[in-house]
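Trainee: I have the model open and a pile of labels I'd like to pick apart. Can we go through them and see what earns each one?

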Amino acid sequence: MQEIPLSQILFVSTFLFFIGMYGLFTRRNLITMLMSIELMLNSVNINFVAFNKYLFPDNLDGLFFTLFIITIAAAEAAVAIAIIINLYRSHHSIDVEDATEMKY
Amino acid sequence: MMYNILIQLRQELVLTVLIFLLLFIKLGKDRSNESILNFINAALFINLGAGFCCHETGELFNGMFNTNALIVFEKNLLNLAVLLISMQSYAWLKNSKHLIEFYLLILTSLLGMFFMISSGNLLMFYLGLEMSTIPLAAAANFDLTKRKSSEAAMKLILSSAFSSAILLMGISFLYGTTGTLTFSILTAHLNGNPLQLFAFILLISGFAFKISAVPFHLWTADVYEGSPVAVTSFLAVISKGAVLFTMVNLLYKVFTPIASTWYLVLVVLAAATILIGNLFAIRQDNFKRFLAFSSIAQVGFILIGISGSSQIGSASLIYFILIYIFSNLAAFGVVSVVSALTGKENISDFKGFYKTNPMLSWVLTIALFSLAGVPPTAGFFGKLFLMMAGAAKGNYGLITFAALNMVISFYYYLRVVKAIFMEEHATPIEKLQVPTVSKLAMYICVVGMIVTGLASVVYDYIYSISIGL
């Protein structure tokens with residue numbers, strides 16, 4: 001069976017990264033923006049795993065880095081959602097356009 | 001062997017013990033806020049003292065964590081700043097129901113910064129960075145009922161998550177091109193191929209987000225304005241200082257093979273940061289926003305010093321951060337007391353401040369002079385050394401540009417001094433009862449601002465322990 005080349009996996013991960021970035025810049029719902037950031041982090045995970053498997057299979061640095069990224073992303077999401085809930089209490093909306101009291 | 005770990009990790013261990021102690025106090029029976037605050041201030045003082053005793057060079061956990069005299073000194077600076085912030089926010093925290101949570105958040109963040117500064121591995125560095133930013137976002141939301149506070153926290157967590165995603169992308173490409181995460185091995189594998197340069201640019205963008213250098217500064221002013229003053233001063237002084245220390249470590253020790261690239265990046269960032277920071281600071285009326293933009297401009301000057309890439313470069317950075325701690329915390333201290341007791345945070349409210357509060361006015365004035373860089377204060381020497389370090393590279397255009405921008409900065413700093421001393425206000429801020437602890441912190445800052453500049457022994461010591469390219 002033919003193996004998928006590294007370049008294709010890197011293409012997928014880079015594509016995913018920029019989909020995430022596009023989502024963060026265009027979406028106005030805070031939860032969706034958070035999801036976009038998770039997408040960017042996941043593309044980094046794919047990168048690490050692919051590099052580890054294809055180029056440096058003798059040590060597991062990349063795999064462990066991925067585990068830590070997943071853990072920290074969960075912690076970050078927990079704090080972010082707590083903040084969003086608090087924002088909803090005061091603004092009655094989770095749209096970023098409604099939270100614009102401070103500008104310039 | 002066992003004792004080595006205890007000595008090399010002692011600053012982190014003391015902090016961890018303190019965090020657990022606070023958790024137990026929270027669980028235990030009700031105590032008055034005053035007694036808890038006094039206990040915490042004493043504990044932070046002990047923490048600061050513990051940093052100065054017996055240090056030792058070495059590395060732990062297979063190179064993940066390393067320490068030497070320079071790193072210990074940097075951590076002591078951060079400890080000192082936390083102690084000063086804690087003393088200054090006495091008036092604000094005295095009536096807060098959640099003061100222990102506040103300390104838990106900022107001390108956890110400080111612990112993360114310690115690990116980040118000591119890191120010898122990209123994984124450890126990333127963990128430290130996240131451990132220092134996530135609690136800060138929660139702390140920015142500390143005034144749970146204020147609309148501005150939750151908006152600031154939302155902006156902080158989203159932009160810091162975005163910046164850490166970019167930084168991680170950079171780290172993943174560095175890993176892909178070098179096959180290692182350890183700093184010492186990484187240097188040997190760097191050869192400046194395009195993918196590595198791309199990875200480096202992503203990494204430095206992540207840093208620029210955290211120190212709010214100019215194309216990445218947009219979150220700064222909003223977050224500083226919305227957060228409580230104590231958190232704002234933590235963000236402006238400690239968080240920035242820790243990231244700058246780590247950045248110098250990385251640039252001078254790890255990215256040496258591509259030094260010509262990062263020199264260019266730093267020059268562009270520095271010039272943009274100084275100019276934009278200054279121009280936006282001119283038009284601010286909210287004191288915290290004003291200090292936010294002034295701190296952006298200060299970061300620009302620091303980047304010039306770093307770009308010198310010599311031993312003077314890193315020594316002048318640490319010296320400047322020491323002065324910056326004193327002068328910025330003195331300014332924030334006055335704003336913090338005024339904001340806690342009257343709720344006023346605008347520069348126009350400070351008109352005629354001298355008539356009612358001469359002591360606070362003098363502290364604020366000396367702090368602003370030191371930030372601007374007027375000779376008898378230490379700020380002048382700090383900026384002088386940064387410029388000297390930058391000039392060592394022979395890029396006199398940049399130095400001239402920075403010097404001209406210092407003139408602009410005089411305008412907006414002195415505008416505040418003019419408002420305090422010369423302008424009249426129909427209803428000036430009344431005479432404030434400043435808590436003794438906060439007063440003490442302000443006196444320490446004033447003494448620091450004057451003595452650090454005049455006593456050459458401070459700079460000599462920093463120079464003797466710092467590193468060059």
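**Labels and what earns them**

Mentor: Sure. Start with B:Asn62, in the loop between β1 (58–60) and β2 (65–67) of chain B. Keep in mind that this is a predicted model.

Trainee: What makes B:Asn62 count as exposed?

Mentor: Exposed requires 12 or fewer other C-beta atoms within 10 Å. B:Asn62 has 9 C-beta neighbours inside 10 Å, so it counts as exposed. Its phi is positive, about 60°, although B:Asn62 is not a glycine.

Trainee: And B:Ser212, is that one buried or exposed?

Mentor: Buried. The cut-off is 20 or more, and B:Ser212 has 27 C-beta neighbours inside 10 Å, so it counts as buried. B:Ser212 sits in the loop between α10 and α11 (218–226) of chain B. Phi is positive here too, near 50°, in a residue other than glycine.

Trainee: On to helices. How do you know that the length of α18(B) agrees with what a helix should span?

Mentor: Helix α18 of chain B covers residues 378–391, which is 14 residues. At 1.5 Å a residue that should span 20 Å, and the end C-alpha atoms are 20 Å apart, so the two agree.

Trainee: Why is α18(B) called largely enclosed?

Mentor: Because ten of its 14 residues are buried. Among them are B:Phe381, B:Lys383, B:Phe385, B:Leu386 and B:Met387. The cover over the buried residues of α18(B) includes α14 (287–307), α15, α17 (358–372), α19 (396–421) and α20 (436–454) of chain B.

Trainee: α15(B) turns up in that list. What span should α15(B) have?

Mentor: Its 32 residues should span 46 Å at 1.5 Å a residue; the end C-alpha atoms are 46 Å apart, so that agrees. α15(B) is mostly covered, with 29 of its 32 residues buried. Just after α15(B), B:Gly343 takes a positive phi of about 80°.

Trainee: Why are α15(B) and α21(B) called oblique to each other?

Mentor: Look at the angle. The axes of α15 (residues 311–342) and α21 (residues 456–465) of chain B cross at roughly 130° and come within 9 Å. Roughly perpendicular stops at 115 degrees and roughly antiparallel starts over 145, so α15(B) and α21(B) are oblique to each other. Their crossing is right-handed.

Trainee: Which residues meet there?

Mentor: B:Gln311, B:Ala315, B:Ile318 and B:Tyr319 from α15(B) meet B:Tyr459, B:Ile462 and B:Tyr463 from α21(B). That contact divides into six nonpolar, one polar and no charged residues.

Trainee: What about α10(B) and α13(B), at what angle do they pack?

Mentor: At about 35°, with the axes of α10 (residues 194–211) and α13 (residues 259–282) of chain B 11 Å apart. The contact is made by B:Leu197, B:Phe200, B:Ile204 and B:Ala208 of α10(B) with B:Thr261, B:Trp262, B:Val265 and B:Leu269 of α13(B). Those residues split into seven nonpolar, one polar and no charged.

Trainee: Last one: how many residues does each chain put into the contact between A and B?

Mentor: Chain A gives 32 residues and chain B gives 30. On the chain A side, α1 (6–26), α2 (30–54) and α3 (61–91) each supply at least two residues. The largest share there, 16 residues, comes from α3(A).

Trainee: And what makes up that side of chain A by residue type?

Mentor: It divides into 24 nonpolar, five polar and three charged residues.

Notes: Residues numbered from 1 in each chain as written. Chains lettered and ligands numbered in written order. Predicted model: local features only at pLDDT ≥ 70, side-chain atom pairs only at ≥ 80, totals over all residues. Contact = placed C-beta atoms within 7 Å. Helix = DSSP H or I, 4+ residues; strand = E, 2+ residues; numbered from the N terminus. Nonpolar A, V, L, I, M, F, W, Y, C, P; charged D, E, K, R; others polar. Axes fitted to C-alpha atoms, helices over the stretch in contact; angles between N-to-C directions. Parallel < 35°, antiparallel > 145°, perpendicular 65-115°, else oblique. Left-handed = near helix turned anticlockwise from the far one by under 90°. Expected span 1.5 Å × (residues − 1).
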